[in-house]
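Colleague: Could you take me through one part of this model slowly, as you would for someone in their first year? I would like to see how a single residue fits into its surroundings.

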Amino acid sequence: MLRNGLEPWHLIIVLVAVFLLFGAKRLPEGARALGKSLRILKSETRALKEDFKEGASGADEAAPADAQAPAQRTIKSAPGDTAGARQVPASGPDMTKH
C-alpha cells in the first residue's frame with residue numbers, strides 16, 4: 001500500500017507550501033528562532049546530565065542537609081542573540097488611559 005511513502009517530490013511540495021504560507025521574510029526569522037531554541041535545549045540537557053552525574057557521585061558521601069541545597073543556575077542567552085539588547089522607548093503613548 002505505502003511502498004514509497006515519502007518521495008522527493010513530496011518534500012518539494014511541502015517546501016513550496018511552507019514558502020507560500022510564511023513568505024520569504026518570515027522563513028529566516030523562523031529558522032533563527034528554531035536554532036536558538038535548539039541551542040538552549042542542548043545546553044539545558046547538558047546541564048541536567050552534569051547535575052545528574054554530580055548528584056550520583058555525591059550520593060555516596062554523607063553530607064548535612066544544608067550542603068545538599070541545589071545550586072543556583074543562570075540561563076544565558078544564545079550567542080548572537082540581540083533580544084536582550086532591545087530597549088523600550090522612554091516616551092510613548094500612555095496605555096493607562098482608556
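**A close look at Phe-22**

Modeller: Happily! Phe-22 is partly exposed, because its relative accessible area of 44% falls between the 20% limit for buried and the 50% limit for exposed. Please keep in mind that this is a predicted model. Phe-22 sits in helix α1, which covers residues 8-58. The protein chain has 1 helix and 0 strands.

Now look at the company Phe-22 keeps. Together with Ile-12, Val-14, Val-16, Val-18, Phe-19, Leu-20, Leu-21 and Leu-27, Phe-22 makes a nonpolar surface patch of about 860 Å².

For another kind of patch, turn to Lys-53, which is also found in helix α1. Lys-53 counts as exposed because its relative accessibility is 61%, and the cut-off for exposed is over 50%. Lys-42, Arg-46 and Lys-49 join Lys-53 in forming a positive surface patch.

Finally, step back to the whole chain. Of its 98 residues, 3% are buried. The protein chain exposes about 9600 Å², and carbon and sulfur atoms supply 62% of that area.

Note on methods:
Residues numbered from 1 in each chain as written. Predicted model: local features only at pLDDT ≥ 70, side-chain atom pairs only at ≥ 80, totals over all residues. Heavy atoms only, no water. Patch = residues over 30% accessible without salt bridge, like charges linked within 9 Å, V, L, I, M, F, W, Y side chains within 5 Å. Areas by Shrake-Rupley, 256 points an atom, 1.4 Å probe, with all protein chains shown as cover. Salt bridge = Lys/Arg side-chain N within 4 Å of Asp/Glu carboxyl O. Helix = DSSP H or I, 4+ residues; strand = E, 2+ residues; numbered from the N terminus. Buried < 20%, exposed > 50% of the residue type's maximum accessible area, 1.4 Å probe, protein only. Lys, Arg positive; Asp, Glu negative; His and termini not counted. Charge placed at Lys NZ, Arg CZ, Asp CG, Glu CD.
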